[in-house]
Amino acid sequence: MLNFPKIGQGIGAYKWNDSNQRLIKHAALNGLNFIDTAEDYDNGNSERVIGSAIKGIRDKVILSSKFAPRNNSYSRVLKSLDSSLKRLNTDYLDIYQLHWPNPSVPIEETIEALNLLKTNGKIRYIGFGNLTLAELKSIHKLIKIDTFQIEYNLFDRSIEPDIYNFCLENNILIIGYSPLDQGYIADGNIKKYIIKLSKKYGKSLAQIALNWIVNKKNILPIPKFSTFEHFQEIYESDFKIDQDDFKYINDNVTPINYIKPKLINVINEGQNNRKTYLNLNDAKLNKLGYVPSPIQLSEVISKDKNIKPIRLIKINDLQYNLIEGRIRFWAWVLAYGEENPIPSYIRSFQK
């Protein structure tokens with residue numbers, strides 16, 4: 001397997017331009033040489049910026065990209081890879097990953113394309129992202145999975161223990177996106193403890209949070225940073241903390257609550273402010289073209305209730321605002337109705 005750094009670069013779904021090239025290259029040459037992106041990020045511009053940034057240092061970089069779920073079919077996987085290589089200005093990827101599953105495309109078809117790309121030397125390793133444990137186990141029987149990409153931070157540890165242990169036991173590297181929880185860092189009592197440790201060690205909240213992930217087995221965090229100052233902060237996150245402090249953080253997991261959908265308000269405001277559906281009828285019509293659609297995802301959820309929790313803000317005991325996971329929410333309602341409680345994380349605050 002590749003010689004991964006302790007922290008990588010997450011070049012996510014943000015606006016990127018030529019001014020970011022120098023920072024990406026500097027970070028790659030100074031310890032953060034794993035770079036992860038996707039064909040959909042900023043309509044492919046993320047890949048173009050990276051391609052320019054790594055010109056002349058390609059052999060020093062571990063490069064990873066992902067194909068969108070609408071492109072999970074055999075021919076589209078091949079076409080997506082060629083387009084990504086062109087934008088990235090390289091003739092191979094170190095890791096190529098399925099971004100999200102698409103229930104309308106047989107996974108065997110996707111795997112066939114990935115195996116061909118590996119045989120042809122266009123990709124070196126194969127990864128998958130955002131799967132349930134059942135999906136991960138099923139795919140593992142069909143192909144060697146090298147990496148698994150999923151959200152992982154102090155607030156969302158929903159991969160523990162089952163997915164985490166499965167990957168550890170099967171030598172599948174977990175690539176943890178949003179390791180700083182999109183700037184929230186943490187919530188509740190654990191946030192208070194992180195603030196306490198920040199003062200104790202003279203480190204920022206982000207450095208404490210990243211340090212905890214860096215010192216866990218088999219997880220590569222990929223934070224996003226946009227300034228040289230922020231890079232330096234990320235770079236200095238590998239330091240020693242007392243075992244008791246590490247254990248306290250490790251043992252305090254955000255609880256998963258189960259809330260009836262009828263108590264949840266779907267609102268426009270939320271994490272990333274993505275366009276969404278505010279009612280069930282619009283979700284069924286899926287005019288925004290989400291893949292998978294709420295109906296398709298409901299068919300998956302009806303077989304496996306073990307979904308990634310949605311995120312809520314509590315208004316009172318009988319009212320919550322939904323701030324993340326709207327497609328999952330509507331899929332759940334389609335599968336189970338408004339009375340069957342949905343797994344939820346509850347934030348104590350909103351940005």
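Let me start with D94, which sits in strand β4, residues 93-98, where helices and strands are DSSP runs numbered from the N terminus, a helix being H or I with at least four residues and a strand E with at least two. Before going further, I should say that this is a predicted model, in which local features need pLDDT of at least 70 and side-chain atom pairs count only at pLDDT 80 or more, while totals for chains, interfaces and linings use all residues. Residues are numbered from 1 along each chain as its sequence is written, and side-chain values use heavy atoms, with hydrogens and water left out.

D94 is buried, at a relative accessible area of 2%; throughout, buried means under 20% relative accessible area, exposed over 50%, and partly exposed in between, with a 1.4 Å probe and protein chains only. What does the side chain of D94 meet there? One polar contact, of 3.1 Å, goes to the side chain of R58, and another, of 3.1 Å, joins D94 to the side chain of R124. By polar contact I mean a pair of N or O atoms within 3.5 Å, where within protein one must be able to donate a hydrogen and the other to accept it, and where residues adjacent in sequence count only if both atoms are side-chain atoms. If we leave aside the neighbours within four places in sequence, D94 is in contact, meaning heavy atoms within 4.5 Å, with L2, R58, V61, I62, L63, R124 and Y125.

Next, a pair of helices. Helix α2, residues 45-53, packs against helix α3, residues 74-88, at an angle of about 45°, and their axes are 7 Å apart. The axes here are lines fitted to C-alpha atoms, for helices over the stretch in contact, and angles run from 0 to 180 degrees between N-to-C directions. That angle makes α2 oblique to α3, since angles under 35 degrees count as roughly parallel, over 145 as roughly antiparallel, 65 to 115 as roughly perpendicular, and the rest as oblique. On the α2 side the contact is made by E47, R48, I50 and G51, and on the α3 side by S84, R87 and L88.

Let me turn to helix α10 and the loop before it. F239 lies in the loop between α9, residues 228-235, and α10, and F239 is buried, with a relative accessible area of 15%. Beyond its neighbours within four places in sequence, F239 is in contact with Y201, K203, Q207, I208, N211 and N215. In α10 itself, residues 243-251, the buried residues are D245, F246 and I249. Seen down the axis of α10, these buried residues fall within an arc of 100°, so they line one face of the helix; the arc is that of the directions from the helix axis to the C-beta atoms. An α-helix has 3.6 residues a turn, so residues three or four places apart point the same way. The exposed residues Q243 and D244 are carried on the face of α10 turned away from its buried side, and the cover over the buried residues includes α7, residues 188-201, and α8, residues 205-214.

Finally, the sheet. How are its five strands ordered? They form an open sheet in the order β9-β13-β11-β12-β10, with mixed pairing, two strands being counted as paired if DSSP finds at least two bridges between them. β9, residues 257-259, and β10, residues 264-266, stand at the edges with a single partner strand each, so one side of each is left without a neighbour in the sheet. On average, and with direction ignored, neighbouring strands of this sheet are turned by 50° against each other.

Within the sheet, β11, residues 310-316, runs antiparallel to β12, residues 319-324, and five bridges join them. A hairpin links β11 to β12 through two residues; N316 has Q319 of β12 as its bridge partner, and R311 stands opposite E324 in β12. β11 pairs with β13 in the parallel sense over four bridges, with I310 opposite S344 in β13. β9, by its three bridges, pairs with β13 in the antiparallel sense, and the partner of N257 in β13 is S344. β13 is mostly covered, five of its six residues being buried. Helix α13, residues 326-336, lies across β10, β11, β12 and β13, the last being residues 342-347, and runs at about 125° to β12.
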